[in-house]
Amino acid sequence: MIRFTTAAVVCVVAAFAAVVSYSHIYGLGRAHGQDGTAARLLPLSVDGLILAASLVLLHEARNDRDAPRLARLMLWLGIAATIGANLAYGSGYGLLGALISAWPAVAFIGTVEIAMQLVRRSRRPRAATSVPAVPQVPGDVEQAVRAAYAASVSAGQPLSQRAMAERFGLSRRRVAQLVTSVTVESNGHMPEKEVA
């Protein structure tokens, strides 16, 4: 719900800002010799450039590729052009008039970038919420013998009772008892006697 509402507000603000910015750039173009079709298309070339460059950057980011330099350059050029044109439109009314006229351009740029971030984040895989199981560490030597023997059997290379007796500092007889208990627990039958 929050994502949908945010997207709707972003789209509405972008639309309002685009219309006002369009009218400012159109008026500036008409005042400086652009007539008819040229004056109507001039704002689209400026704000459209920002949108196109942002979409290219989004596409490259979603495909884990570096952004093309030209797309970055065009994005910054479009931003400079739209803010500059809107500032110039309002400059006849002083500093405050220039800032007020520039605001729709800033709002348009900001909403386009917010929309791009929403799309980027919605396409990323979500992080796993489950915690991986942590193997239990044996609490004493006898548990360590059982764990080592069970792991070696699972790997298909059972450790010898002699090797485990030397490794863990237990008698061979005690190791044999522990190995027997592991085998009985896992298979339900007695192991074959090891030859010394």
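Start by selecting Arg65, a partly exposed residue with a relative accessible area of 43%. Keep in mind as you go that this is a predicted model.

Now add Glu60 to the selection and show both side chains. Glu60 and Arg65 form a salt bridge, and their closest N and O atoms are 2.8 Å apart. Colour the pair by accessibility and look at the acidic partner: Glu60 has 14% relative accessibility and counts as buried, because the cut-off for that class is under 20%. Arg65, on the other side of the bridge, is partly exposed.

How many salt bridges does a search of the whole structure find? The search finds 2, so there is another one to visit. Side chains of opposite charge can pair when their charged atoms come close.

For that stop, select Glu142 and Arg174. Their side chains meet in a salt bridge, at 2.9 Å from N to O. Show the cartoon as well: Glu142 sits in helix H5 (residues 141–154), while Arg174 belongs to helix H7 (residues 172–187), so this pair ties together parts that are 32 residues apart in sequence. Glu142 is partly exposed, with a relative accessible area of 27%. Arg174 is partly exposed too, its relative accessible area being 27%.

Next, move to helix H1, which covers residues 2–31, and pick out Ala18 within it. Is Ala18 buried or partly exposed? At 22% relative accessibility, Ala18 counts as partly exposed. Once neighbours within four places in sequence are set aside, Ala18 is in contact with Asp47 and Phe108; select those two and look at how they sit around the alanine. Then draw a distance from the C-alpha atom of Ala18 to that of Ile109: the separation is 9.1 Å, although the two residues are 91 residues apart along the chain.

Stay with H1 for the last stop and bring in helix H3 (residues 69–90). The two helices pack at an angle of about 70°, and their axes are 9 Å apart. H1 and H3 are therefore roughly perpendicular to each other. Turn the view so that one helix lies over the other, and you are looking at a left-handed crossing of H1 and H3. To see what makes the contact, select Ser21, His24, Ile25, Gly27 and Leu28 on H1, together with Thr82, Ala85, Asn86, Ala88 and Tyr89 on H3. Coloured by class, this contact of H1 with H3 shows 5 nonpolar and 5 polar residues, and no charged ones.

Conventions:
Residues are numbered from 1 along each chain as its sequence is written. This is a predicted model: local features need pLDDT of at least 70, side-chain atom pairs count only at pLDDT 80 or more; totals for chains, interfaces and linings use all residues. Side-chain values use heavy atoms; hydrogens and water are left out. A salt bridge is a side-chain nitrogen of Lys or Arg within 4 Å of a carboxyl oxygen of Asp or Glu. Buried means under 20% relative accessible area, exposed over 50%, partly exposed in between (1.4 Å probe, protein chains only). Helices (H or I, at least four residues) and strands (E, at least two) are DSSP runs, numbered from the N terminus. Contact means heavy atoms within 4.5 Å. Axes are lines fitted to C-alpha atoms, for helices over the stretch in contact, and angles run from 0 to 180 degrees between N-to-C directions. Angles under 35 degrees count as roughly parallel, over 145 as roughly antiparallel, 65 to 115 as roughly perpendicular and the rest as oblique. A crossing is left-handed if the near helix is turned anticlockwise from the far one by less than a right angle, and right-handed if clockwise. Ala, Val, Leu, Ile, Met, Phe, Trp, Tyr, Cys and Pro count as nonpolar, Asp, Glu, Lys and Arg as charged, and the others, Gly among them, as polar.
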